[in-house]
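Open the model in your viewer and keep the sequence panel beside it. This tour goes stop by stop: what to select, then what is there.

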Amino acid sequence: MLAKVSLTPTSILDEMLLCPYSMHYLSKNGKMAEDPDTHGEHNDGCGIAFVKNGQIEIHKRDKQHTWDNSYKLIVENVQSQLFIVHNRKASKDLLIDEKRSHPFFYHSFAFCHNGSIHSLMDDAIDNGVTDTELFLKELVDKAENTSSQGIFNSLNILANKYEFSSLTSLLMNNHELFAWRIYNDKNKERAKRFEEYYTLWMKKNEGSVVIASEPLDNEHWEKLPNYIFLHLKPSTDRIDQFRKHITINK
């Protein structure tokens with residue numbers, strides 16, 4: 001996963017195609033859940049969401065057309081203040097097609113997620129959708145409003161309700177980004193693996209902030225801690241950043 005927030009509309013070409021560990025590179029060489037020290041394909045689909053003329057625009061590809069020339073052409077030409085991007089590694093038994101590729105759109109939000117939500121998996125399989133889609137719908141529907149606090153409160157409730165490997169996600173509307181890292185650390189043996197796999201890293205550049213599942217280059221990246229909730233909002237001369245902590249009742 002990848003997100004980029006900028007003060008002014010900017011390209012995402014470096015992060016997508018040119019960085020040493022770009023999203024294109026990671027679609028073929030991403031960390032593997034079973035052993036994060038190994039690498040393999042995350043090519044069950046791909047997608048990008050960005051803001052254009054005040055509206056969210058989403059482009060997705062299925063497994064057969066992952067990172068095809070038409071997708072790369074979009075990447076090469078688009079400029080925006082807000083992006084989220086996803087390479088899909090599908091959970092077992094879920095459909096693999098373009099509709100099920102991330103990001104998803106619901107009401108005014110685009111959303112992508114890494115992990116499996118076991119509490120939602122049966123409903124997802126029965127209805128031919130994904131656990132991520134059900135998660136997004138409940139997250140937004142249960143929020144008292146779509147402010148940062150409303151999304152945070154709804155997420156905090158769901159994080160205590162669901163059984164999951166990870167809820168780690170990126171959520172954006174047409175003027176701000178939310179990002180959170182939440183993996184299940186109840187089982188010590190799995191928690192060590194999840195700590196290395198379900199990661200979010202942040203890099204601050206001049207005029208932009210990038211968040212990614214893995215560092216895209218060898219420069220300085222901050223590894224975000226478990227249970228962190230970030231709200232990033234570009235203004236005229238700065239990117240406002242707010243941090244909160246999700247509370248899990250153990």
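In which loop is His 107 found? Select His 107: this residue sits in the loop between strand 7 and strand 8. Keep in mind throughout that this is a predicted model. His 107 has a positive phi of about 55 degrees, although it is not a glycine. Its relative accessibility is 53%, and the cut-off for exposed is over 50%, so His 107 counts as exposed.

**Stop 2: another positive phi**

Go to Asn 53. Here too phi is positive, at about 55 degrees, and the residue is not a glycine. Asn 53 belongs to the loop between strand 4 and strand 5. With 73% relative accessibility, Asn 53 counts as exposed.

**Stop 3: a cis peptide bond**

Select His 102 and Pro 103 together. The peptide bond joining them is cis, with omega about 0 degrees. Pro 103 lies in the loop between strand 6 and strand 7.

Stay in that loop and pick Arg 100. What does its side chain meet in a salt bridge? The partner is Glu 133, at 2.9 Å from N to O. This pair links distant parts of the chain: Arg 100 is in the loop between strand 6 and strand 7, Glu 133 is in helix 5, and 33 residues separate them. Is Glu 133 buried or exposed? Glu 133 counts as buried, at 18% relative accessibility. Arg 100 is buried as well, with a relative accessible area of 10%.

**Stop 4: the largest nonpolar core**

Move along helix 5 (131-142) to Phe 135. Phe 135 is among the residues with the most contacts inside the largest nonpolar core, which has 26 residues. Add Leu 167, Leu 171, Trp 180, Ile 182 and Ile 246 to the selection; they are the others with the most contacts there. Now colour the elements that build this core. Strand 8 (109-113), helix 5, helix 6 (148-161) and strand 10 (177-181) each supply at least two of its residues. Helix 6 gives the most, with five.

Show what surrounds Phe 135. Leaving aside neighbours within four places in sequence, Phe 135 is in contact with ten residues you can list in the viewer, including Phe 111, His 113, Leu 155, Leu 158, Leu 167 and Trp 180. Ser 169 and Tyr 162 are also among its contacts.

Next, select Ile 56, Leu 170, Leu 177 and Ile 228. They belong to a second, separate core of 23 residues.

**Stop 5: the largest pocket**

Turn on a surface. Which residues lie nearest the centre of the largest pocket? Select Ala 33, Lys 89, Gly 115, Tyr 197 and Tyr 198 to find out: those are the ones, out of 33 lining residues. The volume of this pocket is about 670 Å³.

Colour the lining by class. You should see 10 nonpolar, 15 polar and eight charged residues. Several elements contribute at least two residues each: helix 2 (23-29), strand 2 (30-31), strand 6 (79-87), helix 5 and helix 7 (188-197). The largest share, four residues, comes from helix 7.

**Stop 6: salt bridges**

How many salt bridges does the structure hold? There are 15. Start with Lys 223 and Glu 196, whose side chains meet at 3.8 Å, N to O. Lys 223 is in strand 13 (residues 222-223) and Glu 196 in helix 7, so this pair ties together parts 27 residues apart in sequence. Both ends are partly exposed: Lys 223 at 28% relative accessibility, Glu 196 at 41%. Widen the selection to Arg 181 and Glu 195. With Glu 196 and Lys 223, they are linked in a network of salt bridges.

Then jump to Asp 44 and Lys 63. Their closest N and O atoms are 3.1 Å apart, in a salt bridge. Asp 44 lies in the loop between strand 3 (39-40) and strand 4 (45-52), and Lys 63 in the loop between strand 5 (55-62) and helix 3 (69-77), so the pair ties together parts that are 19 residues apart in sequence. Asp 44 is buried, at 9%, whereas Lys 63 counts as partly exposed, at 36%.

**Last stop: Asp 126**

Finish in helix 4 (residues 118-127), where Asp 126 is found. Asp 126 counts as exposed, at 64% relative accessibility. Draw a distance from its C-alpha atom to that of Leu 94: the two are separated by 9.7 Å, and lie 32 residues apart along the chain.

How values were computed:
Residues are numbered from 1 along each chain as its sequence is written. This is a predicted model: local features need pLDDT of at least 70, side-chain atom pairs count only at pLDDT 80 or more; totals for chains, interfaces and linings use all residues. Side-chain values use heavy atoms; hydrogens and water are left out. A nonpolar core is a set of buried Ala, Val, Leu, Ile, Met, Phe, Trp, Tyr and Cys residues joined through side-chain atoms within 4.5 Å. Buried means under 20% relative accessible area, exposed over 50%, partly exposed in between (1.4 Å probe, protein chains only). Contact means heavy atoms within 4.5 Å. On a 1 Å grid over the protein atoms alone, a cavity is a set of points where a 1.4 Å probe fits but cannot get out, and a pocket is an open set with protein on both sides within 12 Å along at least five of seven lines; lining residues have an atom within 4 Å of a point. Grid points are joined across faces, edges and corners, and a volume is the space filled by probe spheres set on the points. Ala, Val, Leu, Ile, Met, Phe, Trp, Tyr, Cys and Pro count as nonpolar, Asp, Glu, Lys and Arg as charged, and the others, Gly among them, as polar. A salt bridge is a side-chain nitrogen of Lys or Arg within 4 Å of a carboxyl oxygen of Asp or Glu.
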